[in-house]
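Here is a set of short exercises to help you find your way around a new structure. Have the sequence and the model open, and try each task before you read its solution.

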Amino acid sequence: MLTNRYRFYFSRDLPAAFISHLDMTRLFERLFRRLDIKLKFTQGFNPHPRIVFILPMPVGLCSKEEIFEVECEQELSSDIIDSLNKILPEGLKMLKVELATDKIQVSDMYYQCFVEAEEEFCKYFDEFMKKSPTVKKEKEGKVTVKHVWNFLLSHECKKVDGNIKINFHINVMNGSYIKPEDILREFSREYNIECRIVRVERVKVGYKRVI
Amino acid sequence: MVVKDKVFKLLYDVEKPGRYIGNEINIVKKDPEKVDVRFAICFPDVYEIGMSNLGLKILYHLLNEREDVYCERAFMPWVDMQKKMQEEGMKLFSLETFTELDEFDIIGFSLSYEMSYTNVLKMLYLCGLPLESKKREKGMPIVIAGGPCTYNPEPLWEFIDVFVIGEGEEVILEIIDLYKKYKFSNMTKEEFLHECAGIEGCYVPSLYNVEYNPDGAIKSITPVSENVPKKVRKRIVKDLNTSYFPTKMITPLIEIVHDRITLEIFRGCARGCRFCQAGIIYRPVRFRSREKILQYAKELVENCGCNEISLVSLSTSDYPSVDELAREILKFAEDKKVNISLPSLRLDSTSLDLLKEVEKVRKPTLTFAPEAGTQRLRDVINKNIKEEDIYSTVKLAFERGFQNIKLYFMLGLPLEKDEDITGIYTIAKNIREIYKDIGLKKRVRITVSTSFFVPKPHTPFQWEAQDSIENMQRKMKLLKENLKRVKDVEYSWHDFYLSKLEAVLSRGDRKLSRVIKRAVDLGCQFDDWGEFFDFSRWEKAFWLENIDWRFYSDRKRDFEEILPWDIIDTGVTKEFLKKECLLAYEQKTTSSCFDRCTGCGVASFRGGICVDK
């Protein structure tokens, strides 16, 4: 069956990076309404449009390329990208749109994180990473432990213009992955080294088609 | 580093960083270098509350219509952000250009509730400005304030240069014009303030001397010179069809308290409930025409994109043919998947039909506000709602599938007896029985909420004493014990001490300014937020200033006493308020302005329904 399901590619930077996931959904609903584009709504007691972000974006995260999919009641014309870009708040930019005829999943992601920390940061961080660290997360009383190297493909720590820049290449398995911020926090706790995150960015996201 | 970058760096470690980024839909962008006057509108509470305030948004866009003015916004940062800002030595900043507030020409506070007074002072501290008006010299911002609280401006008199009384749409522009004269000449601040006092609606507290009697009541309020008016008359906008209303309205990126388009359909209220301040100060009733409302509704939906539009007023059922209006809006809203909400609707069978038809996303709860438990007491307060009407509407609502009913009452009203309190229990019990009689399977939920009566300035009850804390406790317990006997009823009550402080501040005089400053120094802020409110700190502040707060809350005044807010003229005469108070004592009601003129005095403004008839 042919549906008007569209896949939008966009980038996000400051200040829009501080918008939460739920607020992003509401924002796009409003933007489409302003452009008089009719979205397909769910049935039921409290209908809402189906805007689905392939990856959730934590508050504060910048990204060079993200994807959301949305089902419309109508066909979209090619100038939709320009129309959206004219009304988007600062920090958001639409890159391209395509008909979503298949399903995709995220396979891997490249991150770069900038932190303010002491001179020797990288030395200690590399040492920490060699010890096959884990990240503990507590949610509603349930503790989950993730082994960093189960998800991490590689990392690199170096000094750039007074800040520390750490690159991570992260593997995503069935939608499950590890957040670089959590690795940094764990390190900070274990080594008692203060590190203040000043920017987190997804530089590249890899996708694979699923059948 | 510029302020903006500094701010963004802090946002990784604070709650809801979206509060501090500005950048909203329809935000106004200008070059600050190219304007004569930079105006910062300040709301003394968090972003989500401030951005829900319609008055703030009207003034924001109105001021920005002028090419020579750039109006920006600032809100009270949450405690985590305050801490970070202090650590970094940062001042309060605006959301448009991230400019520190002490660089602005005019700072304008919106005063919506007394419990935000400590936040006003805290914000001035965060601006790095002296709190006291007299310590701020030319070159520092002029601090003005507007909003309903300014109908008794005295508790903040020391800190605010100019209070703007009434509706701000016109007077604010006159203040800007005068400010420009002041800024670009060698006019002194004192001369500016004197000239400002000549603008109708401007109250400059430093130009009045207040003397007191030995018993603490006011002996006299005297202007310092002949050019300063003896009374300050509020300003109104005469015609809502020609007055300014923004339809390219700023729309937040994060969820706020009232996360929807708000469209004002009329101002004022004709009902005259005797406890209600809004019912007096916003008189006369002025309707916006249906054509205008429809036009604005369309434009707002197009420009904001929200999924809900709310038609607001003090008493929506009083708008002529409100059902037809709602249906016409529905015609285009439905297609765009925009829901209509109609708050402050008088509930009866017609309005239930209307709600069913227009509110596509149905609210699960129906709310009634009988305010008092017996007809006798409802007559005292002139709340024109009959018990039989509540029951018939509730029955209808149950049959239509509503299972949640909310009932609002006030405890501690003048002339209240214990029968009135048990009357609340009777209403709750009867409602539950109506539900049982219908024989529905699901459980009903009846929520009874009580607040404590707070006597407000410019109301017929302005002379009344508030109940003592002990009495409040006793009455709350009496009701609680009674309601325990009814199944499916939940009872919640408002904090005694919060109501007490509200009563003290709302009828306070100039002596309270020192107390408020003490309270801030003792750490009081966000008093309206349960987790921060601490009455013991306030008690300490009163004690340090040697003031008994009971003098303000628990004392009944004589009709002859000079009241701190007598300086403000709302158009409604003191004689009318007194007459209404005496009618209350006799349990006699007064009709609404729609039936006949009650002679309150506001007709002197020659606006709205006072002249339409």
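Each exercise below gives a task and then a solution in steps.

This is a predicted model, in which local features need pLDDT of at least 70 and side-chain atom pairs count only at pLDDT 80 or more, while totals for chains, interfaces and linings use all residues. Residues are numbered from 1 along each chain as its sequence is written, and chains are lettered from A and ligands numbered from 1 in the order in which they are written.

**Exercise 1. Get to know chain A**

Task: Find how many helices and strands chain A has, and what percentage of its residues is buried.

Solution:
- Begin with the elements: chain A has 5 helices and 10 strands. Here helices (H or I, at least four residues) and strands (E, at least two) are DSSP runs, numbered from the N terminus.
- Next, the extent: along the principal axes, the C-alpha atoms of chain A fill a box of roughly 55 × 35 × 30 Å.
- Then burial: of the 211 residues in chain A, 23% are buried. A residue is buried if 20 or more other C-beta atoms lie within 10 Å of its own, exposed if 12 or fewer, and partly exposed in between, with C-beta atoms placed from the backbone.
- Finally, the record: UniProt, in an unreviewed entry, lists "domain: DUF2344" for residues 5-180 of chain A. UniProt positions are given in the numbering used here, feature names are shortened, and annotations may be inferred rather than shown by experiment. Residues 5-180 of chain A are 21% helix and 42% strand, with the end C-alpha atoms 32 Å apart.

**Exercise 2. Where the chains meet**

Task: Work out which element of chain A gives the most residues to the side that touches chain B.

Solution:
- Count both sides: 21 residues come from chain A and 22 residues from chain B. Two residues are in contact if their C-beta atoms, placed from the backbone, lie within 7 Å.
- List the elements: α1 (21-34) and β10 (196-210) of chain A each give two or more residues to the side that touches chain B.
- Pick the top one: α1(A) gives the most, with 7 residues.
- Sort by class: this side of chain A has 12 nonpolar, 3 polar and 6 charged residues. Ala, Val, Leu, Ile, Met, Phe, Trp, Tyr, Cys and Pro count as nonpolar, Asp, Glu, Lys and Arg as charged, and the others, Gly among them, as polar.

**Exercise 3. Two helix pairs in chain B**

Task: Decide how α9(B) is oriented relative to α10(B), then do the same for α17(B) and α18(B).

Solution:
- Take the first pair: α9 (residues 290-304) and α10 (residues 322-333) of chain B pack at an angle of about 25°, with axes 10 Å apart. Axes are lines fitted to C-alpha atoms, for helices over the stretch in contact, and angles run from 0 to 180 degrees between N-to-C directions.
- Classify: α9(B) is therefore roughly parallel to α10(B). Angles under 35 degrees count as roughly parallel, over 145 as roughly antiparallel, 65 to 115 as roughly perpendicular and the rest as oblique.
- Look at the contact: among its residues are B:Ile293 and B:Val301 of α9(B), and B:Leu325 and B:Phe332 of α10(B). By class there are 8 nonpolar, no polar and 3 charged residues.
- Turn to the second pair: the axes of α17 (residues 512-521) and α18 (residues 535-544) of chain B come within 8 Å and cross at roughly 130°. So α17(B) is oblique to α18(B).
- Look at this contact too: it includes B:Val515 of α17(B) and B:Trp538 of α18(B). Its residues divide into 6 nonpolar, no polar and 2 charged.

**Exercise 4. Unusual backbone spots**

Task: Find where the cis peptide bond of A:Pro15 lies, and whether B:Ser321 is buried or exposed.

Solution:
- Recall the background: most residues other than glycine have a negative phi, and most peptide bonds are trans.
- Locate the cis bond: it joins A:Leu14 and A:Pro15, with omega about -5°. A:Pro15 lies in the loop between β1 (5-12) and α1 of chain A.
- Check chain B: another cis peptide bond joins B:Arg283 and B:Pro284, also with omega about -5°.
- Examine B:Ser321: its phi is near 50°, a positive value. B:Ser321 is exposed, because 10 other C-beta atoms lie within 10 Å.
- Compare B:Leu415: its phi is near 70°, and B:Leu415 counts as partly exposed because it has 15 C-beta neighbours inside 10 Å.
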